[in-house]
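Subject: Handover of the structure, with notes

Dear colleague,

I am passing the structure on to you with this email, and my notes on it follow below. Please keep the sequence and the model open beside the text as you read.

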Amino acid sequence: MEGFNHSRVSEFVLLGLADSPELQIFFFVVFSILYLITMLGNCLILLTVLSSSHLHSPMYFLLSNLSVIDMCLSSFATPKMIVDFFAQHKTISFDGCISQIFFLHLFTGTEIVLLISMSFDRYIAICKPLYYSTIMSQRVCVGLVVTSWTVGFLHTISQLAFTLYLPFCGPNVVDSFFCDLPLVIQLACIDTYVLGIFMISTSGVIALVSFLLLLTSYVIVLVTIRNHSSTGSSKALSTCTAHFIVVLMFFGPCIFIYVWPFTNFLVDKILSVFYTIFTPFLNPLIYTLRNQEMKIAVKKKLNNQYFSLRKTTPWYPIR
């Protein structure tokens, strides 16, 4: 990476979320708890899907992959942010900064395609149920996941292709808790306004078009469900509602930040917290609380673990 960058800046200073020591302690406790619950919740979903044979279906296969991406998305910057709450001088190396941008766009790009794949799965299941097992075969599901990661990789490479060659020779203060393209590209020693608008708005347009595509597919699905009122339709409605809540939470902040870059509003920082921390945290809760089948499977998994622990733990009577 050093061969690409001929700048004099070796590190960037992260301003973080707050300067107040009291607020930093508060944020440390809150985000530590949220991160722990995020990792445990997504791990629980992953293990439940893997260990429950009745959940070995395309929908839950895609859901388990979403859990993997959510764990990655919540880990690329959150642990450093938590540690930095006790650091006097919050810095990140140039390579570390570029790595954060790489992983952020890799995971968000992958999640966008995966959410479209999950929408496609629900569309086929509800609108073309007779062809579901044929269309959503194991080969197709694996292909969708591989495509998601491939598109995410190509997207992040396209975002970094020009950034690595920009000269960073002076300002090095990033007004956030992690490095993101709209903030870092402004620190280059040349006028990057036009290039930045083109590169960053491209991400915003991709997010906006993907969201409109997903919105259209869910409207079609909901109309189909409305025309077939039954117990199965009620279950399908619950599943689709959970999916759409996840889509809304993920795409809302992304569209706002990347469609209108260089705004420097405080709300951008808040939205960054939302889609990198809160969305991965809320996804397991939404999918377990809104999905009855998943809720039952998770309870069964927890009960099995509890009883197996009791069996293996020696009991000593009080004398």
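Which residues of H6 are buried? They are Cys141, Leu144, Val145, Ser148, Gly152, His155, Thr156, Gln159, Leu160 and Thr163. An α-helix has 3.6 residues a turn, so residues three or four places apart point the same way. Helix H6 covers residues 138-163, and its 26 residues should span 38 Å at 1.5 Å a residue, which agrees with the 38 Å that separates its end C-alpha atoms.

Before going further, please bear in mind that this is a predicted model. The average pLDDT of the protein is 82, and 83% of the residues score at least 70. Residues 1-7 call for caution, since pLDDT stays under 50 there, and the model has eleven contacts for this stretch beyond four places in sequence.

Overall architecture

The protein has eleven helices and three strands, and from the N terminus its elements follow the order β-α-α-α-β-α-α-α-β-α-α-α-α-α. Of the 319 residues in the protein, 47% are buried. Among the contacts with a separation of 6 or more, 81% are between residues 24 or more positions apart.

The sheet

The three strands form an open sheet in the order E2-E1-E3, with mixed pairing; strand E2 (91-93) and strand E3 (173-174) are the edge strands, each of which pairs on one side only. Strand E1 (residues 11-14) pairs with E2 in the antiparallel sense over three bridges, and within this pairing valine 13 has threonine 91 of E2 as its bridge partner. E1 and E3, by contrast, run parallel and are joined by two bridges, with leucine 14 standing opposite valine 174 in E3.

Helices H4 and H1

Helix H4 (residues 94-127) lies across E1 and E2, and runs at about 85° to E2. H4 has 34 residues and reaches 49 Å from its first C-alpha to its last, which is close to the 50 Å expected at 1.5 Å a residue. Because 25 of the 34 residues of H4 are buried, this helix is largely enclosed by the rest of the structure. One residue to look at in H4 is glutamine 100, which counts as buried at 5% relative accessibility. Leaving aside residues up to four places away in sequence, glutamine 100 touches Phe76, Ala77, Lys80, Ile92, Phe178 and Cys179.

Helix H1 (residues 21-51) has 31 residues, and the 44 Å from its first C-alpha to its last is close to the 45 Å expected at 1.5 Å a residue. The buried residues of H1 include Gln24, Phe27, Phe31 and Leu34 in its earlier part, and Ile45, Thr48 and Val49 further along.

Salt bridges

How many salt bridges does the structure hold? There are two salt bridges. As general background, side chains of opposite charge can pair when their charged atoms come close.

In one of them, the side chains of lysine 80 and aspartate 84 meet at 3.2 Å, N to O. These two residues are four residues apart in helix H3 (residues 78-84), so about one helical turn separates lysine 80 from aspartate 84. Lysine 80 counts as partly exposed, at 24% relative accessibility, whereas aspartate 84 is buried, with a relative accessible area of 9%. Lysine 80 is also among the residues that glutamine 100 touches.

In the other, the side chains of arginine 122 and aspartate 121 meet at 2.9 Å, N to O. Here arginine 122 is buried, and aspartate 121 is buried as well.

A cysteine in H9

Is cysteine 254 buried or exposed? Cysteine 254, which lies in helix H9 (residues 231-259), is buried because its relative accessible area is 5%, and residues under 20% count as buried. Cysteine 254 and leucine 271 are 17 residues apart in sequence, and their C-alpha atoms are 8.0 Å apart in space.

With best regards

How values were computed. Residues numbered from 1 in each chain as written. Predicted model: local features only at pLDDT ≥ 70, side-chain atom pairs only at ≥ 80, totals over all residues. Heavy atoms only, no water. Salt bridge = Lys/Arg side-chain N within 4 Å of Asp/Glu carboxyl O. Buried < 20%, exposed > 50% of the residue type's maximum accessible area, 1.4 Å probe, protein only. Expected span 1.5 Å × (residues − 1). Pairing = 2+ DSSP bridges. Contact = heavy atoms within 4.5 Å. Axes fitted to C-alpha atoms, helices over the stretch in contact; angles between N-to-C directions. pLDDT = per-residue confidence, 0-100.
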